[in-house]
Amino acid sequence: MAYDNNQRISSLSVPIITSPGHRRGLGGVPFFQPALSPLGNQVLQRNPQRQPNPLFRSIPEGEISRVEFDRYLMDYFGVQDIHTGTQDEQEMSLTRHGRPAPSIPNWQSWNPGTSSADYAHIIRAIEAVAATFGAIPTIRTVVFFKMDYEPNAAGIGVARPDVGASFGGGKLTVFEAFSRSRAFPNARSDVSGSYPSAGVVLAPAAGETPGAPLPYQSRERSLRENIVHELGHAMAEDAHRADPDVFTEYNRAIGWVGGQLFDIGQQPVADAIRQGTSPPAQYHIRDLDWNNPQWIEQPMSRYAVAGGPGEDFAETIAAYIYANSVLQLRSPARYRFIMDHIDIWKTQMQALPPPVLRGDFPVIEEFRHMA
Ligand SMILES: [Zn+2]
């Protein structure tokens with residue numbers, strides 16, 4: 001989930017992978033033709049629990065192949081390059097200004113395999129964003145690495161095994177930990193302490209102020225939320241292209257001042273931000289206090305507070321998609337910010353394929369760019 005601006009993507013140049021027999025814009029045949037994919041719609045019909053996504057051709061339950069995954073991402077989501085990262089590539093990506101590339105000891109390659117249900121989960125996460133907003137965040141590249149690294153002063157890459165994925169410069173990087181457990185609270189935090197039943201819940205961090213519970217959820221659901229969080233960063237890049245002031249506006253609307261979050265639901269905070277003065281310290285929301293019922297405007301996760309405005313934005317997008325009603329209850333300012341700006345951001349997102357190409361028609365054309 002980590003995202004930083006320190007040139008992670010650098011000037012790396014990677015080969016563009018094209019699928020044999022299918023090149024975009026040359027009238028290629030989409031992969032998921034019902035006639036050729038007996039696991040497709042029929043399985044969905046037999047499983048009324050899962051509604052077919054109305055936007056795209058259905059993908060099968062269970063495993064899909066890497067070849068299918070790559071084609072789906074290229075055909076439907078406009079991704080140009082999907083590959084398994086190399087050691088050289090990852091070491092280069094850690095290079096900081098004017099320094100030699102760090103080395104990564106005991107580096108290992110990783111991807112979900114030649115066939116995996118996780119490919120389908122990633123696709124469903126992207127579809128969830130597309131279905132919600134009616135446009136697709138701009139993803140140019142998807143790359144798989146075993147884990148994230150951070151260079152130390154000696155030029156050695158130090159493992160960060162709990163980072164599940166990252167996004168920057170149009171590139172989605174997926175690590176082995178991308179299904180790591182996560183959850184949004186199931187309600188607005190309330191001083192009464194009574195909440196909808198949550199079953200098994202994720203334990204609060206040590207020292208964290210209690211609030212609304214975080215229900216334990218399936219690995220698949222966590223995986224999808226982790227991916228959608230990264231797509232929130234992709235949307236941030238689209239939003240920034242559409243409106244260079246978007247994060248200034250976001251910070252003011254949500255209560256971020258100098259990298260610190262304040263409860264924008266408090267009038268003195270709103271007044272201070274409007275007047276350019278320091279908001280009262282008593283309304284400063286610290287990460288261990290993120291779920292405290294005392295806040296009027298309640299963040300959606302500890303990470304949203306600890307990670308700063310960029311992570312808050314990505315968490316807000318993820319919550320809009322997977323915890324929409326809770327987001328409205330906890331944080332009307334965040335919810336409203338998306339509602340008020342999405343049409344501008346969409347001018348820089350990728351257009352959905354025309355409806356005729358999303359059904360069971362064996363024809364697909366190039367994506368159009370909406371802008
Ligand atoms: Zn992030």
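This is a short chat about reading salt bridges and one buried acidic residue in a predicted model.

Visitor: I keep hearing about charged side chains pairing up. What's the general idea?

Guide: Side chains of opposite charge can pair when their charged atoms come close. In this predicted model, there are 15 salt bridges.

Visitor: Let's take one. How far apart are the closest N and O atoms of Arg96 and Glu150?

Guide: They sit 3.8 Å apart, and the two residues form a salt bridge. Now look at where each partner lives: Arg96 is in the loop between helix H3 (87-93) and strand S3 (115-116), while Glu150 is in strand S5 (residues 148-151). With their positions 54 residues apart, this pair links distant parts of the chain.

Visitor: Are Arg96 and Glu150 buried or exposed?

Guide: Check the relative accessibility. Arg96 has 18%, so it counts as buried, since the cut-off is under 20%. Glu150 has 25%, so that one is partly exposed.

Visitor: Which residues are linked in a network with Arg96?

Guide: Asp148, Glu150 and Arg160 join Arg96 in a network of salt bridges.

Visitor: What about pairs inside a helix? Where do Arg221 and Glu225 lie?

Guide: Both are in helix H5 (residues 219-242), four residues apart, which is about one turn of the helix. Their closest N and O atoms are 3.0 Å apart, and they form a salt bridge. Arg221 is partly exposed at 28% relative accessibility, whereas Glu225 is buried at 1%.

Visitor: Which helix holds Asp271 and Arg274?

Guide: That's helix H7 (residues 267-275), where the two are three residues apart, again about one turn. Their side chains meet in a salt bridge, 2.6 Å from N to O. Here Asp271 is partly exposed, with a relative accessible area of 23%, and Arg274 is exposed at 55%.

Visitor: Let's finish with Glu315. Where is it found, and is it buried or exposed?

Guide: Glu315 is found in helix H9 (residues 309-322). Its relative accessibility is 1%, so Glu315 counts as buried.

Visitor: What does the side chain of Glu315 make a polar contact with?

Guide: With the side chain of Arg182, at 3.0 Å. To read the wider surroundings, skip the neighbours within four places in sequence: Glu315 is then in contact with Arg182, Phe184, His229, Ser301 and Ala304.

Visitor: Got it! So I find the partners, then look up their elements and their accessibility.

Guide: Exactly. Try it on Arg96 and Glu150 again in the structure above, starting from that 3.8 Å pair of N and O atoms.

Methods. Residues numbered from 1 in each chain as written. Predicted model: local features only at pLDDT ≥ 70, side-chain atom pairs only at ≥ 80, totals over all residues. Heavy atoms only, no water. Salt bridge = Lys/Arg side-chain N within 4 Å of Asp/Glu carboxyl O. Buried < 20%, exposed > 50% of the residue type's maximum accessible area, 1.4 Å probe, protein only. Polar contact = N/O pair within 3.5 Å; in protein donor to acceptor, adjacent residues only side chain to side chain. Contact = heavy atoms within 4.5 Å.
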